[in-house]
Amino acid sequence: MRRLSALVLALATITVLAACSSSSSASSDGVRTVKIALVSNNKPYTYADANGQPAGYDVDVLKKIDAKLPNYKFEYTVIDYETGLIGTKSGKYDIAAGCYFRTDARAQQYLISKPYNYYFLSLIVKPGSPIKTMTDLNGKSLYPIDASDGRYAAFKDWVAKHPDVKIDMTPSSSQATYADMAKAVHDGTYDAVYRSKEQFSGVQNSLGFKMEVTAPVDGRDTVYLFNKKDAQLQQQVDGVIGTLTKDGTLTTLTEQYFGQDNFALAKKLGIER
């Protein structure tokens, strides 16, 4: 009987400890810490500032969302693109942020937020290049796009709509740096990079050579990716995004970071969601 009593006590102790461990993600006042993976070196969307602190358009939007959700406390980690995706899918992080596009493949692996911004694709070319539009790339080459990148989905959609335009672009299995992309075009290895003007602007001063950027040739909505188990969090974040869109807060932020109303431009290009 003494041995049985000791065993029961031991099991009860283990159960209590396990219960305490499973509730450690929430504080005593019921506030849950939400872990957010931010893509590094992705100006002006997400990056670490001079002091190593999270910064960028996405971060400012997330801070405004956090302020309207008192039951959550957002915690940020600046990491690389692939680690953010893998970590969010596995549950290490709750949200992945950093100018992600909505794609069918991602919809199968993550929960997806409402659009909180729009990403406009331009072509980065050598100075004096005759390439101004996607159709000017007929018979020419684009720097390889990572097959897991939302730009690849955008490129495929554009090509499907323009079957007479033949563009040489072989998808890659990794994400190159913006500097490497620009250098390959500058050196003549490829004719253009399919990228945003804002992201190129973040590195152009460090290149050591000049490049040109065309007007927007396409665009997509950008979203936050959630772990599949976080439906309630996703729904609450979506509610706040809707509010910030209607009251003009997001328009003001796009004007601050991009020098234009991205929502109005998305409507003009016919990509508004």
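**Exercise 1.** Determine the volume of the largest cavity and identify which residues line it.

*Solution.* The largest cavity of this predicted model has a volume of about 40 Å³. A cavity is a set of points on a 1 Å grid, over the protein atoms alone, where a 1.4 Å probe fits but cannot get out; the volume is the space filled by probe spheres set on the points, which are joined across faces, edges and corners. Searching the whole structure yields one cavity of 30 Å³ or more.

Next, take the lining (residues with an atom within 4 Å of a point): I124, Y178, M181, A182, V193, R195, Q199 and F200. Two or more of these residues come from each of α6 (178–186), β8 (193–195) and α7 (197–201). With three residues, α6 gives the most.

Residues are numbered from 1 along each chain as its sequence is written. Local features need pLDDT (the predictor's confidence in each residue, from 0 to 100) of at least 70 and side-chain atom pairs count only at 80 or more, while totals for chains, interfaces and linings use all residues, and side-chain values use heavy atoms, with hydrogens and water left out.

**Exercise 2.** Establish whether N262 is buried or exposed, and list its contacts.

*Solution.* First, locate N262 in helix α10 (residues 262–269). Second, its relative accessibility is 1%, so N262 counts as buried (under 20% relative accessible area; exposed is over 50%, partly exposed in between; 1.4 Å probe, protein chains only). Third, leaving aside neighbours within four places in sequence, N262 is in contact (heavy atoms within 4.5 Å) with N117, Y118, F120 and T254.

Conventions:
1 Å grid on protein atoms, 1.4 Å probe; cavity = no way out; pocket = protein on both sides within 12 Å on 5 of 7 lines; lining within 4 Å. Helix = DSSP H or I, 4+ residues; strand = E, 2+ residues; numbered from the N terminus.
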